Amino acid sequence: MSRVVLGIDLGTTNSLAAVYREGKPTVVADPKTGSRVCPSVLQTAEDGRLVVGEEAKAARVERARDTLYSFKRFMGRGAADVEAQSKDVSYAVFAGADGVPRMRLGARAVSAPEASSLVLKELKRRAEAALGVPVEHAVVTVPAYFDDAARQATRDAATLAGLEALRIINEPTAACVAYGLGKKEDGVFAVYDFGGGTFDVSVLKVTDGVYRVLSTAGDVRLGGDDVDDALAKVFLREAAVRGEVSPRLFEAARTEAERVKTALSAAESATARVVVPEHGVRYERVVRRAELEALAGPFVDRTIKLVRRALKDADVSAADVSAVVLVGGSTRMPIVRRAVEKEFGKPGRLDLDPDEVVALGAA
Ligand code: ADP
Ligand code: MG
């Protein structure tokens with residue numbers, strides 16, 4: 001029997017696995033729920049049980065102090081980075097005796113590789129249930145800007161999850177592989193990856209089937225979450241919340257903002273409702289896509305500035321780029337697609353699902 005190798009996109013916001021079968025890669029869905037994506041969220045429940053994925057994301061508001069997210073940003077980091085990085089998150093981060101950052105998860109303190117391994121374990125479990133065979137090998141993707149320490153941390157996370165990482169490959173390379181770019185002819189390609197908490201763009205050159213990242217530019221504090229925050233602030237302002245905005249109220253507004261934002265990628269308008277009785281908040285209004293785009297515009301502009309920097313660093317012009325691949329959930333926003341097309345003079349490729357393309361390429 002041939003061995004099964006999972007292709008894993010271990011994301012800051014969401015993770016997923018794909019497998020190569022019968023001549024093509026396919027995303028592995030959780031047989032229980034049918035979901036293809038696993039939120040990279042960990043939580044300890046009231047009874048101390050560990051919860052991973054959708055359930056943890058859903059209870060993120062109520063269990064804010066027992067929930068870990070965005071821990072990918074601590075991969076390969078030392079104690080010296082803890083202070084700067086922990087400002088963005090609501091859970092406790094502290095330096096361990098070994099100089100490795102630890103995060104509070106219920107009664108335990110976990111390192112970033114340990115936290116990531118719990119997500120990988122969940123993906124392994126789902127894959128084994130879906131495929132009906134044990135899975136022990138994986139190809140795991142990392143951002144092109146990950147340094148050696150962060151790559152090693154990713155390898156360690158796989159080992160802790162009971163997966164041997166056969167390869168650690170760059171996310172933009174996986175995205176190009178998924179599209180078969182450079183398979184038949186050499187070329188220069190750009191990968192524009194706009195996720196939940198991070199943005200990066202890479203320029204790749206493929207010569208005789210060998211992929212080389214010429215340049216990469218990005219911002220680890222720029223993503224779809226920023227758009228959610230901006231819209232949530234509008235809701236809270238209009239709801240005329242008196243007194244301080246509690247974390248719970250802000251999370252409720254944010255959750256609704258993300259839902260409305262997502263709906264507005266397909267529809268011209270959507271209705272937002274934020275109801276938090278204990279704060280006397282009962283808010284409802286219709287949001288038009290144009291309003292969302294006015295809020296998202298400045299963030300999209302920042303991604304385009306980074307695109308220009310990456311092209312400059314690679315010493316290529318937009319016209320030299322033969323294809324642009326769109327990766328990440330935030331590229332579903334029409335304003336992003338328009339901006340990319342304008343900058344490159346050609347539309348971004350999106351025949352494959354932007355949420356799945358990295359895992360498919362890894363597989
Ligand atoms: P990461 O690579 O950081 O794990 P993802 O690529 O999964 O992140 O992207 C997650 C982001 O994509 C979130 O901000 C989410 O709100 C956003 N997103 C997902 N679907 C849509 C959509 N249909 N329209 C706009 N944004 C979306
Ligand atoms: Mg991603």
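A polar contact is a pair of N or O atoms within 3.5 Å. That cut-off is applied here to ligand 1 in a predicted model.

**The ligand and its polar contacts**

Three pairings involve an oxygen atom of ligand 1: one with a polar backbone atom of T12, one with a polar backbone atom of G196, and one with an N or O atom in the side chain of K261. The distances are listed below.

| Residue | Partner of the ligand 1 oxygen atom | Distance |
|---|---|---|
| T12 | polar backbone atom | 3.4 Å |
| G196 | polar backbone atom | 3.3 Å |
| K261 | side-chain N or O atom | 2.7 Å |

Taken alone, ligand 1 exposes 580 Å², of which the protein buries 87%.

**The shell around the ligand**

Ligand 1 is surrounded by 17 residues, and T13, N14, E258, K261 and S265 come nearest. By character, the shell divides into 12 polar residues, four charged residues and one nonpolar residue. Helices α6 (224–238) and α7 (247–263) each supply at least two residues of this shell, and α7 gives the most, with three residues.

**The nonpolar cores**

In soluble globular proteins, nonpolar side chains tend to be buried together. In this model, the largest nonpolar core contains 49 residues, of which Y192, F199, F235, L311, V336 and F344 touch the most other members. The greatest contribution to this core comes from helix α8 (residues 289–314), which gives 10 residues. Leaving aside residues up to four places away in sequence, F235 touches A253, E256, A257, A272, V274, Y283 and V287. Another core, of 48 residues, lies apart from the largest one and includes V93, A138, A150 and A153.

Key:
Residues are numbered from 1 along each chain as its sequence is written. Chains are lettered from A and ligands numbered from 1 in the order in which they are written. This is a predicted model: local features need pLDDT of at least 70, side-chain atom pairs count only at pLDDT 80 or more; totals for chains, interfaces and linings use all residues. Side-chain values use heavy atoms; hydrogens and water are left out. A nonpolar core is a set of buried Ala, Val, Leu, Ile, Met, Phe, Trp, Tyr and Cys residues joined through side-chain atoms within 4.5 Å. Buried means under 20% relative accessible area, exposed over 50%, partly exposed in between (1.4 Å probe, protein chains only). Helices (H or I, at least four residues) and strands (E, at least two) are DSSP runs, numbered from the N terminus. Contact means heavy atoms within 4.5 Å. A residue is near a molecule or strand if one of its heavy atoms lies within 4 Å of it. A polar contact is a pair of N or O atoms within 3.5 Å; within protein, one must be able to donate a hydrogen and the other to accept it, and residues adjacent in sequence count only if both atoms are side-chain atoms. Accessible areas come from the Shrake-Rupley method with a 1.4 Å probe; for residues, only the protein chains shown count as cover. Ala, Val, Leu, Ile, Met, Phe, Trp, Tyr, Cys and Pro count as nonpolar, Asp, Glu, Lys and Arg as charged, and the others, Gly among them, as polar.
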